[in-house]
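Reader: I've got this one open on my screen and I'd like to slow down on a single part instead of skimming the whole thing. Pick one stretch, walk me through it closely, and then show me how the rest of the chain looks from there.

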Amino acid sequence: MNITDIQNIFTEAEEKISQASDSNELDEIKHFYLGRKGKMAQVIKQIPELPEEKRPLAGKESNIIKGKIQSLLSDRTQQLKTGQEKTQKIDTSLPAVKRTLGGRHPITIVIDDICKIFEHIGFTLVEGPEIETDYYNFKALNIPEGHPARDNFATFYLPKDNMLLRSQTSPVQIRIMKDVEPPLRILSPGKVFRPDNLDASHSFMFHQIEGLVVDKKTNFTHLKASLSYFVKNFFGRDVTMRFRPHYFPFTEPSAEVDIACIICGGEGCSVCSRTGWLEILGAGMVHPNVLKEVGIEESIFQGYAFGLGIERIAMLKYGITDIRMFFNNDMRFLKQFS
Ligand SMILES: [Zn+2]
């Protein structure tokens, strides 16, 4: 007997273990090699008969091989066990597990609907950061120092580096105009933040969609046509629209846009405060100061912009009377829309 014989026993055992297909077979292999009268026991028994200088190495090698066989046996046992579990788990005759899919949130539905309408007339979707700087949220939009919109009561300021939570989606306009050469035709939906107390019609977080067009020979008629296309496609063919002169720092001239009350049809009800009209958005021609700030030549290019509040539109469309319902995550409410 020599070292090669011991190693051959291991090679032989290794092959048998890898081919074993159940635990009974493994038990037999264990008994055959590692049992009290097993092959390894016989090898160890013969060690004293070896020449003295070969005994320590033979003893050491036998112990190593015993250990290796033992660990191969446990690995194979584990392998067979996992294999069995896997086969037990897959039963193709069982009825399929029904997976419940979540539905879209009403705010997402309204955003998607609005975007689809504007995409039809060439608008492209863009997004911008919710954490902004004073420059993008105010200064570049022609909102001067000291303007009430900059007040702590109207904007969430962050403690560092003049950063804030955007109070409107308009900063995206500035970012795009600075990066992309006109002509531009963009639409930017997203969250905005204002420190309003939570009540039926106010929330400190809500959603807006901002639209911006910059091109040569763009005028107020184009703005009116785009918004009219939107109103007719979103609220219905027969819904009338009106523009009221208004003031925004970043547009000139500016207007607020109303639609005839979709609840009472213009007769006057509590939703429209008996006026027959519902305000839905603000719009106007981009102020020359804004174009100048972003480096667009205002003698060649003009633009128009509009912004609308998604929650307000969704409330009107679905007849929802409390803005908090959008954010309470009450499944009974949310399920109605999916
Ligand atoms: Zn009404």
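Author: Helices here are DSSP runs of H or I with at least four residues, numbered from the N terminus, and strands are E runs of at least two. With that in hand, let's go for helix H10, which covers residues 310-318. Keep in mind that this is a predicted model. Its pLDDT averages 90 over the protein chain, with 99% of the residues scoring at least 70.

Start at the end of the helix. H10 is followed by glycine 319, and the phi of that glycine is positive, near 65°.

Now look at what is tucked away. In H10, Ile310, Glu311, Ile313, Ala314, Met315 and Leu316 are buried. The cut-off for that word is 20 or more other C-beta atoms within 10 Å of the residue's own. So what do the buried residues of H10 pack against? They have H5, E5, strand E8 (277-286) and strand E9 (301-309) as partners.

H5 is worth a closer look. This helix spans residues 106-120, and its axis comes within 10 Å of the H10 axis, crossing it at roughly 100°. That angle makes the two helices, H5 and H10, roughly perpendicular. From H5, the residues that take part are Pro106, Ile107, Val110 and Ile111. They meet Ile310, Glu311, Ile313, Ala314, Lys317 and Tyr318 of H10. Sort the residues of this contact by type and you get 8 nonpolar, no polar and 2 charged. As for the spacing along a helix, an α-helix has 3.6 residues a turn, so residues three or four places apart point the same way.

Follow E5 next, since the buried residues of H10 pack against that strand too. The loop between strand E5 (205-216) and helix H8 (220-235) holds lysine 217. Lysine 217 has a positive phi, near 55°, in a residue other than glycine. Is lysine 217 buried or exposed? With 8 C-beta neighbours inside 10 Å, lysine 217 counts as exposed. Compare asparagine 142, in the loop between helix H6 (134-137) and strand E3 (163-165). Asparagine 142 isn't a glycine, yet its phi is positive at about 65°. This one counts as buried, because asparagine 142 has 20 C-beta neighbours inside 10 Å.

While you're checking backbone geometry, there are a couple of cis peptide bonds to click on. One runs from proline 182 to proline 183, with omega near 10°, and proline 183 sits in the loop between helix H7 (171-179) and strand E4 (184-193). Another joins glutamate 252 and proline 253, with omega about -5°; proline 253 belongs to strand E7, residues 251-260.

Further along the chain is helix H11 (residues 331-334), where you'll find leucine 334. With 17 other C-beta atoms within 10 Å, leucine 334 is partly exposed. Setting aside neighbours within four places in sequence, leucine 334 is in contact with Gly103 and His105.

Finally, zoom out. The domain assignment gives domain 1 (3-89) and domain 2 (106-337), and the centres of these domains, taken over C-alpha atoms, are 76 Å apart. As for confidence by element, helix H4 (residues 55-89) has the lowest mean pLDDT, 85, and E4 the highest, 96.

Note on methods
Residues are numbered from 1 along each chain as its sequence is written. This is a predicted model: local features need pLDDT of at least 70, side-chain atom pairs count only at pLDDT 80 or more; totals for chains, interfaces and linings use all residues. Domain bounds come from an automatic or database domain assignment. A residue is buried if 20 or more other C-beta atoms lie within 10 Å of its own, exposed if 12 or fewer, and partly exposed in between; C-beta atoms are placed from the backbone. pLDDT is the predictor's confidence in each residue, from 0 to 100. Axes are lines fitted to C-alpha atoms, for helices over the stretch in contact, and angles run from 0 to 180 degrees between N-to-C directions. Angles under 35 degrees count as roughly parallel, over 145 as roughly antiparallel, 65 to 115 as roughly perpendicular and the rest as oblique. Two residues are in contact if their C-beta atoms, placed from the backbone, lie within 7 Å. Ala, Val, Leu, Ile, Met, Phe, Trp, Tyr, Cys and Pro count as nonpolar, Asp, Glu, Lys and Arg as charged, and the others, Gly among them, as polar.
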